[in-house]
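Got your viewer open? Here's a short walk through this one, stop by stop.

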Amino acid sequence: MEIALKIVLVIFSLGLIGTVLLQRGKSAGLSGAISGGAEHLFGKQKARGLDLFLQRMTIVLAVGFFVLSLVVAYVVKA
């Protein structure tokens with residue numbers, strides 16, 4: 001079971017890396033980070049289509065990776 005969990009953890013980590021690399025950059029430089037964050041906070045930029053899918057997939061994979069790493073750590077220790 002330990003090996004299967006580690007394989008699933010590697011799959012989640014590769015998926016997370018892939019989705020992060022596929023996402024488009026939101027801004028350029030420090031000034032873009034400040035103004036881009038304000039626009040995103042007040043809802044001027046809404047993600048559509050592929051951007052929205054990649055954003056949600058990143059969240060799902062990140063949560064899955066975190067939970068799986070805790071489970072693997074518990075299984076290995078026990």
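Start by colouring the whole thing by confidence. This is a predicted model, with a mean pLDDT of 84 over the chain and 73% of residues at 70 or more. Helix H1 comes out highest, at 95, while helix H2 (residues 29-41) comes out lowest, with a mean of 57. Where pLDDT is low, don't read the predicted coordinates in detail. So the tour sticks to H1 and H3.

Next, switch to cartoon. You'll see 3 helices and 0 strands, giving the pattern α-α-α along the sequence. Of the 78 residues in the chain, 15% are buried. Now turn on contacts between residues at least 6 apart in sequence: 91% of these link residues at least 24 apart.

Select residues 50-77. That's helix H3, with 28 residues. From first C-alpha to last, H3 reaches 40 Å, close to the 40 Å expected at 1.5 Å a residue.

Keep H3 and add residues 2-22, which is H1. What angle do the axes of H1 and H3 cross at? Roughly 155°, and the two axes come within 9 Å. That crossing angle makes H1 roughly antiparallel to H3. Look at the handedness too: the crossing of H1 and H3 is left-handed.

Now show side chains on H3 for Leu54, Thr58, Leu61, Gly64, Leu68 and Val72, which are buried. Which helix do the buried residues of H3 pack against? They pack against H1.

Cross over to the H1 side and pick threonine 19. Is threonine 19 buried or exposed? Its relative accessible area is 9%, under the 20% cut-off, so threonine 19 counts as buried. Leaving aside neighbours within four places in sequence, threonine 19 touches Leu54, Met57, Thr58 and Leu61. Three of those names, Leu54, Thr58 and Leu61, are also in the buried set of H3.

For the last stop, select phenylalanine 65, back in H3. With a relative accessible area of 31%, phenylalanine 65 is partly exposed. Which residues is phenylalanine 65 in contact with, once neighbours within four places in sequence are set aside? Leu9, Phe12 and Ser13. Try a C-alpha to C-alpha distance from phenylalanine 65 to serine 13: they sit 6.5 Å apart in space, yet 52 residues apart in sequence.

Methods
Residues are numbered from 1 along each chain as its sequence is written. This is a predicted model: local features need pLDDT of at least 70, side-chain atom pairs count only at pLDDT 80 or more; totals for chains, interfaces and linings use all residues. Side-chain values use heavy atoms; hydrogens and water are left out. Helices (H or I, at least four residues) and strands (E, at least two) are DSSP runs, numbered from the N terminus. The expected span of a helix is 1.5 Å times one less than its number of residues. Buried means under 20% relative accessible area, exposed over 50%, partly exposed in between (1.4 Å probe, protein chains only). Contact means heavy atoms within 4.5 Å. pLDDT is the predictor's confidence in each residue, from 0 to 100. Axes are lines fitted to C-alpha atoms, for helices over the stretch in contact, and angles run from 0 to 180 degrees between N-to-C directions. Angles under 35 degrees count as roughly parallel, over 145 as roughly antiparallel, 65 to 115 as roughly perpendicular and the rest as oblique. A crossing is left-handed if the near helix is turned anticlockwise from the far one by less than a right angle, and right-handed if clockwise.
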